[in-house]
Amino acid sequence: MKIFKRAITCVFLSIVLLFAGLFIWHPYLIRVLWYRTPNATTYKAFPQETVNKSDSAFHFSRTSKMRNDLNALKVRDGDKKLISFSDYFEQGRLNAFIVIRNDTVLFEKYRIGYSDSTLTTIFSGAKSMVSIMLGQALAAGKIRNLNDKVTAYLPELKSNPAFENITLKHLLEMKSGLDFQDALGGVVKAFFSDEAKYYYTHDMKAELMKVKLVNQPGTVWKYKSIDPIVLGWVLEKACGKSVAHNFEENIWRKIGTEHPASFGLDHPGGLANTASRFQVTAIDLAKIGRLYLHHGKYNNNQIVPADWVKQSVNIGNEKPASAKGWQKSAHHYLWWIPQEGDSGDYAAEGMLGQRLYVDSKTNTIIVQFADHGAGDYPYRKISRYFAGLPFSYPRN
């Protein structure tokens, strides 16, 4: 019996030592273990840099009576079953859903504890903010050319040969060729994934100095967070100010925002996680959609070049590298652009159902915040419904 107890003790101590060594080797794993999959409020546990609001706010009009008929509209869920929007809201654990057309809020619905001014993280929706900043920086001459090498702006990365031939365009198109392991494939894979590492690490720059190249830059598209993180660092160096300050000065304060936003940092005074830690209110995220509906203008001031907006949300003759869902959304310049059916709509999308959807055909903006999301893509049907236009899902 004593021998058995000693064996158990030895095994236990070995496991403790193994994990202790693991956490010393990779301290960020403590955060991964503690927080696991982040939710829409996990950002509160990490340092933030505030993006201050506009001095003069723009307010969308509101109808005297909301269009509650949307609750009965049949939309598809993740299993391609038609359910009422009301059920879609509940099944997806939606927190906020706003439909705006022609600058008027036609429908809004919130879970208890949420409103149009509740700050929440939009995860990968942050990537689209990077695209906006990059277009503005090009127009301002802070970025010279998308074909510039990354090392021209970040000479620190010259010590890592993986970055030798990577250009800004490779990063923008997610064709850098840099190694990145996503969190799909089970608990263990998610625990040790690069997705978790870059979300929870205290030092993203140090991790970037160690990353390897697995594909020739420009040859293989892979959806990953590392590319927009590097672009965020490029913007910081090129513009001579933090991402939050840059976004505030050149975008956020110029479009009539009512509330502060924020970017999450890897440590106080550190690098912004421009892949997945941007916090915003629903009503102000809609103003990003409005900016793009107006081709980059606000009050006749060109905030983002119209050509950049057009390039960003139109693929043109380019062969898409991705085709997500029935709408065959392609990832382009850090936006998602449907290729099935009518053109003109696009979206910024984040994990757990965060969405900014824009439909230029109907002049509609939809914002969705969620804790899970019900799957599928009801936004085009909803935008056409409010515009009185016909819509039918494709047969598949």
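A polar contact is a pair of N or O atoms within 3.5 Å, of which, within protein, one must be able to donate a hydrogen and the other to accept it. That definition will be needed at the third stop of this tour, which moves through a predicted model.

**The whole chain**

Begin with the full chain coloured by secondary structure, in which 13 helices and 16 strands can be picked out. Of the 396 residues in the chain, 53% are buried. If contacts with a sequence separation of 6 or more are considered, 66% of them join residues 24 or more positions apart.

**The largest nonpolar core**

Next select F247, F278, I288 and Y292, which touch the most other members of the largest nonpolar core, a set of 84 residues. Adding helix α9, residues 226–239, brings in the element that gives the most to this core, with nine residues. A second core lies apart from the largest one and has 23 residues, including V75, L106, A370 and Y379. In soluble globular proteins, nonpolar side chains tend to be buried together.

Stay with Y292 and display its surroundings: once neighbours within four places in sequence are set aside, Y292 is in contact with I132, V304, W308, V309, S312, V313, W335 and Y346.

F247 leads to helix α10, residues 243–250, where six of the eight residues are buried. Those to select are V243, A244, N246, F247, E248 and N250, and around them one finds the elements against which they pack, namely β1 (48–51), α4 (125–139), α9, β8 (261–264), β9 (278–280) and α11.

**K287 and the largest cavity**

Now move to helix α11 and select K287, which has its place there. Is this lysine, K287, buried or exposed? K287 counts as buried because its relative accessibility is 2%, and the cut-off for that class is under 20%. A polar atom of the K287 side chain lies 2.8 Å from the backbone oxygen of F58, a distance to be read against the definition given at the start. Not counting residues up to four places away in sequence, K287 touches F58, F60, I255, G256, T257 and E258.

From K287, turn on a cavity display; the structure holds three cavities of 30 Å³ or more, and the largest has about 50 Å³ of space. Which residues line the largest cavity? The lining consists of F58, I255, K287, R290, L291, H294, K297 and Y298, and by class these are four nonpolar, one polar and three charged residues. Helix α11 (282–293) and strand β10 (297–298) each supply at least two residues of this lining, with α11 giving the most, three residues.

**The second largest pocket**

For the last stop, select V313, N314, G344, Y346 and S360, which lie nearest the centre of the second largest pocket among the 19 residues that line it. This pocket holds about 320 Å³ of space. Its lining divides into nine nonpolar, eight polar and two charged residues. Helix α11 appears here as well, since at least two lining residues come from each of α11, α12 (306–313) and β14 (345–350), while α12 gives the most, with four residues. Two residues of this view, V313 and Y346, were already on display at an earlier stop, as contacts of Y292.

Definitions and conventions. Residues are numbered from 1 along each chain as its sequence is written. This is a predicted model: local features need pLDDT of at least 70, side-chain atom pairs count only at pLDDT 80 or more; totals for chains, interfaces and linings use all residues. Side-chain values use heavy atoms; hydrogens and water are left out. A nonpolar core is a set of buried Ala, Val, Leu, Ile, Met, Phe, Trp, Tyr and Cys residues joined through side-chain atoms within 4.5 Å. Buried means under 20% relative accessible area, exposed over 50%, partly exposed in between (1.4 Å probe, protein chains only). Contact means heavy atoms within 4.5 Å. On a 1 Å grid over the protein atoms alone, a cavity is a set of points where a 1.4 Å probe fits but cannot get out, and a pocket is an open set with protein on both sides within 12 Å along at least five of seven lines; lining residues have an atom within 4 Å of a point. Grid points are joined across faces, edges and corners, and a volume is the space filled by probe spheres set on the points. Ala, Val, Leu, Ile, Met, Phe, Trp, Tyr, Cys and Pro count as nonpolar, Asp, Glu, Lys and Arg as charged, and the others, Gly among them, as polar.
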